[in-house]
Amino acid sequence: MSRNQAAEPERTARPGGIGKIVGASLIGTTIEWYDFFLYGSAAALVFNTLFFPTSDPLVGTLIAFITYAIGFLARPLGGVVFGHFGDKLGRKKLLVISLLLMGGSTFAMGLLPTHASIGIGAPILLTVLRLVQGFALGGEWGGAVLIVAEHGGDRRRGFWASWPQAGAPGGNLLATGVLAFLAAVQSDAAFLAWGWRIPFLLSGLLVMVGLWIRLSVSESPVFLEAQAKAEAEAAQGVKEKPPVVQVFRKSWREVLTAIGTRFGENISYYVITAFLLVYVTAHLGLPKSTALNAVLIASAVHFVTIPAWGALSDRIGRRKVTLIGSLGMSVWAFVFFALLDTKSFAVITLAVTIGLLLHGAMYGPQAAFISEMFDTKVRYSGASMGSQLASIVAGALAPIIAVELLKDYDSSVPVSVYLCFAAIVTTITVAVAKETVGRDLASTSDAPAPAPVAASPAVDRV
């Protein structure tokens, strides 16, 4: 019997326990991504008019997307701060704090006066709240996926850890659904006047639900084991450097691998979902409901299939599933806009759905893949830093670069080239990375590497 198999029963949650942990993480990430994506959709649809009015709609949208990107700039800081305390104090406490920060800032956005009421103060306040959103989300991702990955066993980690990932399309589904409903029942004038505030104020209720659920889950057993070991060493006079220092000294290669793994995934997601709204409405002249409903349908499919990709990664490995997505996206980048240009709702929906399916192949295994790269005592810091640094160079800039390319060239081809390039970066990164499937998360980097995927019992079944 392998070391991994022998250790697993001691660290696997009770049959009902893992479901509760997964549910708490999924609901929490769904609410936090709802808050974060709501801003992106509003930036494309209403913020350009209400907070950044200009004579050129595309310029106003570009400015709105710049404040959208500012939220990404705060995410690495959130990753460092939450990662440090998450590695010291535990995953659960920090997940509660991140949820409160995110929900509070989003609720406050729904109460903001517009530019017409207070002038320059309106976009400044909006930007500050966006920074708080980004800071909170920077700490959310690492904690949510780790508390699941560390509760579950080694054999099905890809499947279980992919559920918090499904919170991204879940949150987008919820945000887009609320906006699509309001667009259907309200006139454009009513939506601009007050209707846009409803989705933001709804966040307050959602946070209460998420908070109640998150407070009921237990701390990660792997973390508690590592914490007890650290306390015993401290009692003997052993001093450890802060987790962030250890990450940069010993795990910088893993951080770079995490950044490259997320690069194509991050850019493709924000082009397919956020930039799509601009392209369909401003460039193709179609109503916003066309883009919103297409994203709504595609996000439902995305939500369901992410755990399937995670489960497949338990069978054939994290790298192979990720490469399916990145190689597919490098081709789909050119097909995607050609289908959008048909102006057919059915074809547009198909384009978005396939795009998000390929994104899911990169995103589903990612939680387990990145978690397995780091040791327990620095895992929250390392996973958060790698993930959130990618958000600056990838997700933050994606809508801005796409809008600027469209504005300068009046063509989707440069955007397709940009998307293809991002997918190739991820392909190269993952192709040279080490396979991590089957790793014992309680082990250290000095422990023997897991057996090859084809021979490992951890991937023979799901």
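A cavity, on a 1 Å grid over the protein atoms alone, is a set of points where a 1.4 Å probe fits but cannot get out, and its lining residues have an atom within 4 Å of a point. For the volume, grid points are joined across faces, edges and corners, and we take the space filled by probe spheres set on the points.

Hello everyone! This is a predicted model, where local features need pLDDT of at least 70 and side-chain atom pairs count only at pLDDT 80 or more, while totals for chains, interfaces and linings use all residues. Residues are numbered from 1 along each chain as its sequence is written, and side-chain values use heavy atoms, with hydrogens and water left out.

Let's start with the empty space. How many cavities of 30 Å³ or more does the structure hold? There are 4, and the largest has about 80 Å³ of space. Among the residues lining that largest cavity are Phe 37, Tyr 68, Asn 172, Thr 176, Thr 273 and Leu 292. Helices H2 (15-50), H8, H13 and H14 (288-316) each supply at least two lining residues; helices here are DSSP runs (H or I, at least four residues), numbered from the N terminus. By class, the lining has 6 nonpolar, 5 polar and no charged residues. In this scheme Ala, Val, Leu, Ile, Met, Phe, Trp, Tyr, Cys and Pro are nonpolar, Asp, Glu, Lys and Arg are charged, and the others, Gly among them, are polar.

One of those helices, H8, runs over residues 167-185. Its 19 residues reach 27 Å from the first C-alpha to the last, close to the 27 Å expected at 1.5 Å a residue (the expected span is 1.5 Å times one less than the number of residues). Buried residues of H8 include Asn 172 and Thr 176, and both of these also line the largest cavity. Buried means under 20% relative accessible area, exposed is over 50%, and partly exposed is in between, with a 1.4 Å probe and protein chains only.

Now for charges. A salt bridge is a side-chain nitrogen of Lys or Arg within 4 Å of a carboxyl oxygen of Asp or Glu, and the whole structure has 5 of them. In one, Glu 372 meets Arg 157, with the closest N and O atoms 2.9 Å apart. Glu 372 sits in the loop between H17 (366-371) and H18 (376-393) and Arg 157 in H7 (residues 157-165), so this pair ties together parts 215 residues apart in sequence. Are these two residues buried or exposed? Both are buried. Asp 314 and Arg 318 form another bridge, at 2.8 Å between the closest N and O atoms, and they are buried too. Arg 157, Asp 314, Arg 318 and Glu 372 are in fact linked in a network of salt bridges.

Helix H13 (residues 252-283) has a bridge within itself: Glu 265 and Arg 262 lie 3 residues apart, about one turn, and their side chains meet at 3.2 Å, N to O.

Finally, the rings. Rings of Phe, Tyr and Trp (its six-membered ring) pair if their centres lie within 6.5 Å; planes under 30 degrees apart are stacked, over 60 edge-to-face, and the rest tilted. The search finds 12 aromatic pairs. Phe 275 and Tyr 279 form a tilted one, 6.0 Å centre to centre with 45 degrees between the planes. These two are about one helical turn apart in H13, because 4 residues separate them, and both are buried. Elsewhere, ring pairs link Phe 159, Trp 160, Trp 163 and Phe 303 into a cluster.

Thanks for listening!

Key
1 Å grid on protein atoms, 1.4 Å probe; cavity = no way out; pocket = protein on both sides within 12 Å on 5 of 7 lines; lining within 4 Å.
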